[in-house]
Amino acid sequence: MRRSAIRQLTAFIAVLTLVLTTCWVVVGLLVAPIVPGGWRTVLAAALLLTVLPLALFVRQRTSGAYAGRWERLLLFRPFWYAQLAIILCTLAGAAGAVAGLVVGRPGDGGRVLAGAMLLVFALASVWGYVDARRLRLRRVDAMLPDLSPALDGLRVVQLTDLHVGPHTSRRYLRRVLELAQAAQPQLIVVTGDLVDDFPDDVACYARAFGTLAAPLGVYVSVGNHEVYSGWPAVRERLRALPVTVLVNEHRVLEWNGARITLAATGDPAGGHHSASGGVDVNAMLAGVPADVPVIVMAHNPALWPALARCGVAITLSGHTHWGQFAVPRRGWSLAGVFLERAMGAHGENGSLLWIHPGTNYWGIPFRLGTPPEVLELTLRAGGHAPSLRGTDGPLPSG
């Protein structure tokens, strides 16, 4: 691993360890008095559900050892479920203990609310699993007043945040492939986070999407998970596939005698060096024809303001997953708590941004209110100002 990646991993593990240690102490205070074995049982649970999986995760990330299908399904997936449950139960238990102080029974109050939270979490996990498999096609028209009539009707399919690994359902990936090809796009873009955590995950991606094709080609850009996995190794494997990998580069494409530019940024996780998957907007746009509309693949939507100032017509992003928990009709998502722009359609100074909710999930198969999508974007000439319009209903923004 690169030194910067090791530093990021170390900081992440340090914060996670502090949070989880605090949570286990709080939960232990609540449940040790009522479970057989008391604190010995609590410590055994913490060792089995948190310490051992976390230690193995760190070992793999630092040594480069590959995590196979069953390791991810039977070890890491329960780990993430358990950590979410322990954090939520800690918050509920602490609130219940404070409320219980009113009647002099903080322990009982904490246990009641923590138990209720655990039940809610179990039910939400089932619902979230179902939502995570409810793949759909979203159709969006991009209205561009200055678009050449020859490009009117050009269809672009966007896939993003596939997070493919040996644990990913092959049946689900076949559905993604079928839905993307059924749209009969002229152009397909995959805007980062193709793989889950390792360079060798590219082989899983290749098995699922090696036949993906479109008349103008299939283009791939880098996401933060490609950077974390080791971008040079991932890039080498991707270039063996029938795709064009773009990082801080552009291509001028021609359709019906008219030209359009497709460009792709790097990802902020890689810093400012293309070789590590980082961002260099100036290099990306160098030599772009002035009279040709530009579509940019930018995994992280935080890059959009800079792209809008450069006159980019459309930016296609992902990364946020809409927090995998959203109420789109209210313009709310869990990701919006942390990000200025977290989902849906945005416009500024004649530049458009679409933040895709992701075509799969990360961590655990859990999505509430934001099922995975394949985007079919159709370019349209006309309108008074650039805009994104949902053909199946209003588009969320947030």
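Student: How many residues of each class, nonpolar, polar and charged, does the lining of the second largest pocket have?

Tutor: Happy to help! This is a predicted model, where local features need pLDDT of at least 70 and side-chain atom pairs count only at pLDDT 80 or more, while totals for chains, interfaces and linings use all residues. Residues are numbered from 1 along each chain as its sequence is written, and side-chain values use heavy atoms, leaving out hydrogens and water. A pocket is an open set of points on a 1 Å grid over the protein atoms alone, where a 1.4 Å probe fits, with protein on both sides within 12 Å along at least five of seven lines, and lining residues have an atom within 4 Å of a point. With Ala, Val, Leu, Ile, Met, Phe, Trp, Tyr, Cys and Pro as nonpolar, Asp, Glu, Lys and Arg as charged, and the others, Gly among them, as polar, the lining has five nonpolar, four polar and five charged residues.

Student: Which residues lie nearest the centre of that second largest pocket?

Tutor: The second largest pocket has 14 lining residues. Nearest its centre lie Arg136, Arg138, Pro328, Pro394 and Pro396.

Student: Why is Cys89 not bonded to Cys23?

Tutor: A disulfide needs two cysteine sulfur atoms within 2.5 Å, and a search of the whole structure finds zero. Cys89 counts as buried (under 20% relative accessible area, with exposed over 50% and partly exposed in between; 1.4 Å probe, protein chains only), at 10% relative accessibility. Its closest cysteine sulfur, in Cys23, is too far for a bond, at 9.6 Å.

Student: Is Cys310 buried or partly exposed?

Tutor: The relative accessibility of Cys310 is 44%. That value makes Cys310 partly exposed.
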